[in-house]
Amino acid sequence: MDVRAAAWHKGSVGESRLASASAELAAAGFHRLDDRAIEGSRANIDHLFIGPPGLFVVDAKNWAGSVRIAGFRLMRNDRAGDTEVEKLRLAAANVGELLDGAGLRLRPPVIPVMCFVGEAQLDEGPGVLGKDRVAFVNLERFVDFIGDRPPVLDPRSIDATLSWMIQRFPPRSDGAMPLPASDAAKPDERVIFLAHWAKNGYRRL
């Protein structure tokens, strides 16, 4: 496996871990879109969650080594992780700008979240906020972090935002490599796919 394929595979495994861990959010009225394209960009959004507390733009990080927050700054293996934080901040800002023109009855707040799903884990508690209001949280605390936030949207507004998200952020279709069969998350009765399950398409929990 070459370097690019190995990196893609590692990232995909991390995204699958977060998707599996967050399944229980369905009972709290959340919906999830996986691996979404950003118009005019080669980047993607790992996960979009919409639920009563708002819209979460989530970047799953399957990193080795260590991570910590120092002076409201992410440090990865004792080096500043500003680039990755800025990518997430810009993705969330893009979502927010598009929401401003969506004409929704209630405009949900947009919260960027970096979730650590691999070896590298924060020693701090969940929801450490950096200087750009990006939240950092370990996988084991992710569900509580977003699920326990106060509700601001009613079911009607959640459904309207979800429909808008599906239109504005389609599944990434840039020739992404498929997961090996042993690592692909197979669907169960709670999952509805609008595309073949192996293609990281729309998932409604």
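In helix α2, the buried residues are Val85, Leu88, Ala91, Ala92, Val95, Gly96 and Leu99. Their directions span an arc of only 135° around the axis, which places them on the same side of α2. Please keep in mind that this is a predicted model.

**Helix α2 and its surroundings**

Turn the helix around and you meet the other face: pointing away from the buried side of α2 are the exposed residues Thr83, Lys87, Glu97 and Asp100. What lies over the buried residues? The cover includes β2, β3, β5, β7, β9 (135-138) and α4. The length of the helix can be checked as well: with 1.5 Å a residue, the 19 residues of α2 should span 27 Å, and its end C-alpha atoms are 27 Å apart, which agrees.

**The nonpolar cores**

The largest nonpolar core holds 29 residues, and Val57, Leu74 and Phe136 have the most contacts inside it. At least two residues of this core come from each of β2, β3 (54-61), β4, α2 (82-100), β7 (110-116) and α4 (155-168). Which element gives the largest share of this core? That is α2, with six residues. A second, separate core has 18 residues, among them Phe30, Phe56, Cys115 and Phe145.

Leu74 is a good residue to click on. Apart from its neighbours within four places in sequence, Leu74 contacts residues including Trp63, Val67, Ile69, Val85, Met114, Phe116 and Phe136.

**A sheet of three strands**

Strands β4, β5 and β6 form an open sheet in the order β4-β5-β6, with antiparallel pairing. Both β4 (67-69) and β6 (79-80) are edge strands with a single partner each, so one side of each has no neighbour in the sheet. Three bridges link β4 to β5 (residues 74-76) in the antiparallel sense, and Arg68 has Met75 as its bridge partner in β5.

The loops of this sheet hold two residues with unusual backbone angles. Most residues other than glycine have a negative phi. Phe72, in the loop between β4 and β5, and Asn77, in the loop between β5 and β6, are listed here with their positive values.

| Residue | Phi | Relative accessible area |
|---|---|---|
| Phe72 | near 60° | 57%, exposed |
| Asn77 | near 50° | 39%, partly exposed |

**The hairpin of β1 and β2**

Is strand β1 (residues 31-37) enclosed or open to the outside? Seven of its seven residues are buried, so β1 is largely enclosed by the rest of the structure. Strand β1 runs antiparallel to β2 (residues 44-51), and six bridges join the two. One pair to look for is Asp34, which stands opposite His47 in β2. Six residues lie between the strands of this hairpin, where Gly40 takes a positive phi near 75°.

**The chain as a whole**

Stepping back, the protein chain contains four helices and eleven strands. Of its 205 residues, 46% are buried. Among contacts with a separation of 6 or more, 65% are between residues 24 or more positions apart. The surface that the chain exposes comes to about 10,600 Å², with carbon and sulfur atoms supplying 50% of it.

Technical notes
Residues numbered from 1 in each chain as written. Predicted model: local features only at pLDDT ≥ 70, side-chain atom pairs only at ≥ 80, totals over all residues. Heavy atoms only, no water. Pairing = 2+ DSSP bridges. Buried < 20%, exposed > 50% of the residue type's maximum accessible area, 1.4 Å probe, protein only. Core = buried A, V, L, I, M, F, W, Y, C linked by side-chain atoms within 4.5 Å. Contact = heavy atoms within 4.5 Å. Areas by Shrake-Rupley, 256 points an atom, 1.4 Å probe, with all protein chains shown as cover. Expected span 1.5 Å × (residues − 1). Arc of directions from axis to C-beta.
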